[in-house]
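Hi,

Here's the structure I promised to pass on. Have a look at it first, then read my notes below.

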Amino acid sequence: MIYVLMIAVIICIFMSLRTLFFPSKLKHKLVSFDNFLFLGSTYSVIMIGFGLLFMLLEIEGFNVIAEQGSHFSGNYIEKLNSSMYLSSITLFSVGYGDIVPIGIGRVLVVIEALIGYTIPAAFVVKSVINYEQNNEMKK
């Protein structure tokens, strides 16, 4: 039964994305697949970039990550995993609190959060500009 529910959820997600890209009237499509890929790649590059910055600072001995109230320790894979987790949670939300930035990491997290909040606005502006340019070219 759980697999049926999982498939239903995946189908719902797919259908909502399909509606976003292919509305009932194709000439009124506001979001192109190219713009969506651009948005996804932008988020990915920023998330991976900041995650690598966190990990490299940890490897160099800077205290950047604290897990559950204590300084983070572990091998490279664990540091990479926690760094990417911190980066993704920072970029997409306000964080859960299980991994927190300390020291210079706080500055990096603020910068990443500001970038994460401005990307959707830039995406909407870019979509509207592309839509208006396409309408002007059709006239």
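What follows is a short tour of a helix pair, a core and one residue.

First, the small print: this is a predicted model, where local features need pLDDT of at least 70, side-chain atom pairs count only at pLDDT 80 or more, and totals for chains, interfaces and linings use all residues. Residues are numbered from 1 along each chain as its sequence is written, and side-chain values use heavy atoms, leaving out hydrogens and water.

Start with helices H2 (residues 33-59) and H3 (residues 76-92), which pack with their axes 8 Å apart at an angle of about 135°. Helices here are DSSP runs of H or I, at least four residues, numbered from the N terminus. Axes are lines fitted to C-alpha atoms over the stretch in contact, with angles from 0 to 180 degrees between N-to-C directions. H2 and H3 are therefore oblique to each other (not under 35, over 145 or 65 to 115 degrees).

Next, the largest nonpolar core (buried Ala, Val, Leu, Ile, Met, Phe, Trp, Tyr and Cys joined through side-chain atoms within 4.5 Å; buried is under 20% relative accessible area, 1.4 Å probe, protein chains only). This core has 16 residues, and Phe54 and Ile65 have the most contacts inside it. H2 gives the largest share, 6 residues.

Phe54 is in contact (heavy atoms within 4.5 Å) with residues including Val64, Ile65 and Leu108, neighbours within four places in sequence aside.

Finally, Ile104 lies in H4 (residues 104-138). Ile104 counts as partly exposed at 44% relative accessibility (between 20% and 50%). Ile104 and Phe54 sit 50 residues apart in sequence, but their C-alphas are 9.4 Å apart in space.

Cheers

Conventions
Helices (H or I, at least four residues) and strands (E, at least two) are DSSP runs, numbered from the N terminus.
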